[in-house]
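Ready for a few short exercises? Have the coordinates open and try each task before you read its solution.

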Amino acid sequence: MHKLRLNLSHLYALLFLVYLIAPLVVMSGAAFNDNKLPSIVPWKGWTGRWFVDLWHDERMLLAFANTLWVAAAVAVISVVVGTAAAILINSISGRVRTVLYGMMIATILIPGVVIGISTMIMWTKLGGVLFGVDKPFPFIPGLHLSVLGQVSYIAAMVMLLVLARLQSFDAGLEEAALDLGASHGQVMRRILLPHLYPAIGAGAAVAFFQSIENFNVTQFTRGGADTLTVYVFSKVRSGITPTINALAFLLICFTLLLAAAYEINRRRLARIEATRQAEARRAEEMAEVTGLA
Amino acid sequence: MHDMMRRYGPGLTLLICLLVAFWLLMLVIVPNITLFEQSFRPYLPVVEVGGPKDFYSFDNYMKVFDGNVEKSLFGMSFEIPVHVYTFFLTILYSMLVTLVCFAMAYPLAYYMAKIVNPTTLPTLLLMLFIPLWVSEVLRAFAWWIILAFKGPLNALLQGIGLIEDPIRWTNMGYTGVVIGLIYTYVLFMLFPIYNAIQSLDTNQIEAAEDLGAPWWKTHWRIVLPHAKPGIASGSVMVFMLSAGSLLVPSILGSTTSQWFTQTIDQWFKDALDWNTASAYAFILLFLCTVFVSLALWVFKVKLSDIAK
């Protein structure tokens, strides 16, 4: 490749990274600026008071706790439903498979606004039909409806991850276990699920983060409860102080820590793999030299 | 199905089927049918629901055509119903966002798949993932800070002498919304294209170069056709996410920008008219689906290719 074009492409990649990361830096920086409006210009000196304010903002802390609960519930339900769906899709074929698979994928593309309104209307109407005006728990607006609404499309993402993993599964293992007298439950628990664990773990992580991100579905189903996204949104619209920036800074730090841990672990594994391969090569050479091969 | 019974027994098979049925029926199909059914009913006080006034009609859908506004385009002025106008602009600007995202993501996707040193690729990927993990509302908020009248962007542009007076970015129609949507969704374009290009045999590119093809022709005749499924799925994702976004238009919108989802939100939250909101939501769902299907048909891509 031409030298100039190569350099240009490196430059482009660098600029892209700057474009992605600079807004986050600006947002974090504003958390330390002693200015009532969140901004980095004009700089009025360092302060830590937005972090103190954040710690005393009880509504925000409650919203944060709500977010974690919702995300955990979404992750658990999505993993269970998504894994079941992947197993089902993997063991059927023909037209039924195409239709079911198409329907599952389509949920990812449905606008969140539509999911939110339809979930809200269905559960409240159902409650109205069953119980009249005084509806009991599951049929009133609230975060549990947000969970159900979010699961409706996040389960599809988990399904895709687990389905991809199922492609590398050797069904013969199940046959062998059955022949050796394993029960159906044992086949599932000891053979199939262990093979799927990496995908299930990844699915749970994706579901958790997708749920934290979610705004559209939550906005229409939450009733009076707050999640972090909804709370930040209402703050941005109605007078805002840099406490949000303080929160954003903490979240970004948390993300960076996770990313760094992941990267260190990856490099460690890569190093181990490299040493292993080098040793194997040395052993081979030794074998050749000594005439054993 | 028979195979499943043999492997996991009737109990587990039934459980799996029930779980899937719960998902598809209770969380997807029945809610959407309810939405559809409610969209044809009038909005009534609770006591009158099921009474003589509660009958099916197209009234909620007809509200789209209420209230004309006068607009001019290319010197021609015409009257158009305000909600139709909003919808039209939402689609138009979502297409613009999709186009810009493609233009920005394609070179980087190619860089990641074919140029960058494979050992630094994981690190690069990780750095790209970081903004994706930061919540959408915070990413929009970051641009709210940057684009502010007395914000860093104006300060920077003034500092290097590009502009003399600060610009009101968030008061120029859809500028803020488009900037925010591009930043929020560009990565949803990047990763599918990267996946598609990655599966292209590098020998093909080298062969084209050896045979004297200029770089743009290599891309036009070899890389782009190969990346088509990835481009299609990225475009569908970005388009649907943009058209369906409520956060970014609400935070970065100006007084003259209205997104169709905001109209739906106003029917639902401000007017408390869930029935009309349902009708509008259904219009959004239906027309976006039609639009995406058309686009897929034109580019000859199947829906099942998208989820790869």
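Helices here are DSSP runs of H or I with at least four residues, numbered from the N terminus. This is a predicted model, in which local features need pLDDT of at least 70, side-chain atom pairs count only at pLDDT 80 or more, and totals for chains, interfaces and linings use all residues. Residues are numbered from 1 along each chain as its sequence is written, while chains are lettered from A and ligands numbered from 1 in the order in which they are written.

**Exercise 1. Find the residue that follows α11(A) and give the sign of its phi.**

Step 1: locate helix α11 of chain A, residues 243-289. Step 2: go past its end to A:Gly291, where phi is positive, near 75 degrees.

**Exercise 2. Compare the span of α11(A) with the expected one, then find its buried residues and their partners.**

Step 1: the expected span is 1.5 Å times one less than the number of residues. For the 47 residues of α11(A) this gives 69 Å, and the helix reaches 69 Å from its first C-alpha to its last.

Step 2: call a residue buried if 20 or more other C-beta atoms, placed from the backbone, lie within 10 Å of its own, exposed if 12 or fewer, and partly exposed in between. Among the buried residues of α11(A) are A:Thr243, A:Leu247, A:Phe249 and A:Ile252.

Step 3: look for what they pack against, with contact meaning C-beta atoms within 7 Å. Chain A supplies α1, α2, α3 and α10, and chain B supplies α5.

**Exercise 3. Describe how α7(A) and α8(A) meet.**

Step 1: fit axes to the C-alpha atoms over the stretch in contact, and take the angle from 0 to 180 degrees between N-to-C directions. The axes of α7(A) and α8(A) come within 10 Å and cross at roughly 145 degrees.

Step 2: list the residues that make the contact. From α7(A) come A:Leu173, A:Glu174, A:Ala177 and A:Leu178, and from α8(A) come A:Gln186, A:Val187, A:Ile191 and A:Leu192.

**Exercise 4. Is A:Gly45 buried or exposed?**

Step 1: place A:Gly45 in the loop between α1 and α2 of chain A. Step 2: count the other C-beta atoms within 10 Å; there are 8, so A:Gly45 is exposed. Step 3: check the C-alpha of A:Asn33, 12 residues away along the chain, which is separated from that of A:Gly45 by 5.8 Å.

**Exercise 5. How many residues does each chain bring to the contact between the chains?**

Chain B brings 74 residues and chain A brings 74. On the side of chain B, helix α1 gives the most, with 20 residues.

Note on methods. Contact = placed C-beta atoms within 7 Å. Helix = DSSP H or I, 4+ residues; strand = E, 2+ residues; numbered from the N terminus.
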